[in-house]
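Hi,

Here is the structure I promised to pass on. Have a look at it first, and then read on for what turned up.

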Amino acid sequence: MNDDGDALDAIRARYARRDAALPADRYDASKADVRARVAERQRATTALLAAHGLQSLRGLDAMAIGCGAGVNLAELLARGAEPARLVGNDLIGARLDGAR
């Protein structure tokens, strides 16, 4: 296998070990700590957009790297991103299926 293929295999193996070590409810929106993390990310995103004079993502290209099942993509859509200008990227195919 080439170096790129070896590197991707190594990354996928790390993802698998990480997933096995994390609790299954790590991203469960019914948990208070998860809701707090989401709220903090949303506040930070709002502040970042405002600092650049943006109130909406309409008309902009946007990408979520490591998009997982697409939760952040949905937030970008809620901020006005247009589906045709929004891209999600993840190394795990099953996660991309969920994001679609």
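Which helices each supply at least two residues of the lining of the largest pocket? Keep in mind that this is a predicted model. The helices in question are α1 (3-21), α2 (32-51), α3 (71-78) and α4 (93-99). Of these, α2 gives the largest share of the lining, with four residues.

Now for the pocket itself. Its volume comes out at about 630 Å³, and 22 residues line it. If you want to find the centre on screen, go to Arg18, Tyr27, Gly68, Ala69 and Val71, which lie nearest to it. Sorted by class, the lining has 12 nonpolar residues, seven charged ones and three polar ones.

The other thing to look at is Asp90. You'll find Asp90 in the loop between β2 (86-89) and α4. Is this residue buried or exposed? Asp90 has a relative accessible area of 10%, and because buried means under 20%, Asp90 counts as buried.

What does the side chain of Asp90 reach? At 2.8 Å there is the backbone nitrogen of Gly68, a residue you've already met among those nearest the pocket centre. The backbone nitrogen of Cys67 also has a polar atom of the Asp90 side chain 3.4 Å away. Setting aside neighbours within four places in sequence, the contacts of Asp90 are Tyr15, Gly66, Cys67, Gly68, Arg95 and Leu96.

Over to you now!

Cheers

Methods
Residues numbered from 1 in each chain as written. Predicted model: local features only at pLDDT ≥ 70, side-chain atom pairs only at ≥ 80, totals over all residues. Heavy atoms only, no water. 1 Å grid on protein atoms, 1.4 Å probe; cavity = no way out; pocket = protein on both sides within 12 Å on 5 of 7 lines; lining within 4 Å. Points joined across faces, edges and corners; volume = space filled by probe spheres on them. Nonpolar A, V, L, I, M, F, W, Y, C, P; charged D, E, K, R; others polar. Buried < 20%, exposed > 50% of the residue type's maximum accessible area, 1.4 Å probe, protein only. Polar contact = N/O pair within 3.5 Å; in protein donor to acceptor, adjacent residues only side chain to side chain. Contact = heavy atoms within 4.5 Å.
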